[in-house]
Amino acid sequence: MIATEKRQVVVPSVFAPLYEDQESDIYLITGGRYSAKTHNLKQYLAISVIGPTYFRAICTRYNFGSIRDSIKSAVEETIDQFRWRKLLDVQRDRIVNPANGNCIVFKGLKKSELQQQKGKAYQGFNVLVVEEAQEWSSELELFDWYRSFRCEHVHHRAILV
């Protein structure tokens, strides 16, 4: 008999709204060093991209141009821990679930892009994840850009870390 390894997802109550709350639009993940922010965010992103619910996310930081500064490697690590890599198409700047179209795009946004595009290039996306959100110089600019995401009939959310 072959034993199969089961992995259990443990979600601290402080992060439960990411998984359970389907009505809120903005989620703040706060805490200091070693507060499990990154661990819980990468777990949430990996579970969401593999799951059946519509999930098209853009992960970014304000004014950075490289995905190497993003959470992408941490999400990949979680995907590998759950042995989901064969189910996903992991590319340089995105992770795609070919079975349902769910995806996470890791995109460095420069201030000039925000003014030019304001989300127009991201039609169909419903989740904006902003790492190091405290660096965003204008909350009005951030929310204006988030509200310009165009995806009808699905819940939109912004996750600010």
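In which sense do β2 and strand β5 (residues 103-106) pair, and over how many bridges? The two strands run parallel, and four bridges hold the pairing. The legends below start from the whole chain and then move in on this predicted model, one view at a time.

**Figure 1. The whole chain of the predicted model, with its helices and strands.** Welcome to the overview: the protein chain has five helices and seven strands. Followed along the sequence, these elements come in the pattern α-β-α-β-α-β-β-β-α-β-α-β. The chain has 161 residues, and 46% of them count as buried. Take contacts between residues at least 6 apart in sequence: 72% of these join residues at least 24 apart. As for confidence, the chain averages a pLDDT of 78, and 74% of the residues score at least 70. Strand β3 (residues 89-90) has the highest mean pLDDT among the elements, 96, while α4 has the lowest, 54. A friendly word of caution for such views: where pLDDT is low, the predicted coordinates should not be read in detail.

**Figure 2. The open sheet and its two edges.** Seven strands make up this sheet, in the order β1-β7-β6-β2-β5-β4-β3, and their pairing is mixed. At the edges lie β1 (26-28) and β3, each of which pairs on one side only. At the β1 edge, three bridges link β1 in parallel to strand β7 (residues 157-160). Within this pair, Ile-26 has Ala-158 of β7 as its bridge partner.

**Figure 3. Strand β2 between its two neighbours, β5 and β6.** Strand β2 covers residues 56-61, and five of its six residues are buried. On the β5 side, the parallel pairing runs over four bridges, and Ala-57 stands opposite Ile-104. On the β6 side, β2 is again in a parallel pair, joined by five bridges. Here Ile-58 faces Leu-128 of β6.

**Figure 4. Strand β7 and its pairing with β6.** Four bridges join these two parallel strands, and Val-127 stands opposite Arg-157 in β7. Which way do the residues of β7 point? Arg-157 and Ile-159 point one way, Ala-158 and Leu-160 the other way, and all are buried. The general rule is worth keeping in mind here: in a regular strand the side chains alternate between the two faces of the sheet.

**Figure 5. Helix α3 against the sheet.** Helix α3 packs on the sheet and touches β3, β4 (94-96) and β5. The direction of α3 makes about 30° with that of β4. Which residues of α3 are buried? They are Lys-72, Ala-74, Val-75, Glu-76, Thr-78 and Ile-79. Their cover includes α2, β3, β4 and β5. As a reminder for reading any such helix, an α-helix has 3.6 residues a turn, so residues three or four places apart point the same way.

**Figure 6. The crossing of helices α2 and α3.** Helix α2 (residues 37-50) and helix α3 (residues 72-81) have axes that come within 9 Å and cross at roughly 65°. The crossing of α2 past α3 is right-handed. From α2, the residues making the contact are Thr-38, Lys-42, Gln-43, Leu-45 and Ala-46, and from α3 they are Ala-74, Val-75, Glu-77, Thr-78 and Ile-79. Sorted by class, this contact has five nonpolar, three polar and two charged residues.

**Figure 7. Arg-83, just after α3.** This view follows the chain out of the helix, into the loop between α3 and β3, where Arg-83 has its place. What is the phi of Arg-83? The angle is near 60°, a positive value in a residue other than glycine.

**Figure 8. Gly-124 in the loop between α4 (111-117) and β6 (127-131).** Is Gly-124 buried or exposed? The relative accessible area of Gly-124 is 18%, and because the limit for buried is under 20%, this glycine counts as buried. Look also for Arg-56 in this view: the C-alpha atoms of Gly-124 and Arg-56 are separated by 7.0 Å, although the two residues are 68 residues apart along the chain.

Methods:
Residues numbered from 1 in each chain as written. Predicted model: local features only at pLDDT ≥ 70, side-chain atom pairs only at ≥ 80, totals over all residues. Heavy atoms only, no water. Axes fitted to C-alpha atoms, helices over the stretch in contact; angles between N-to-C directions. Left-handed = near helix turned anticlockwise from the far one by under 90°. Contact = heavy atoms within 4.5 Å. Nonpolar A, V, L, I, M, F, W, Y, C, P; charged D, E, K, R; others polar. Buried < 20%, exposed > 50% of the residue type's maximum accessible area, 1.4 Å probe, protein only. pLDDT = per-residue confidence, 0-100. Pairing = 2+ DSSP bridges.
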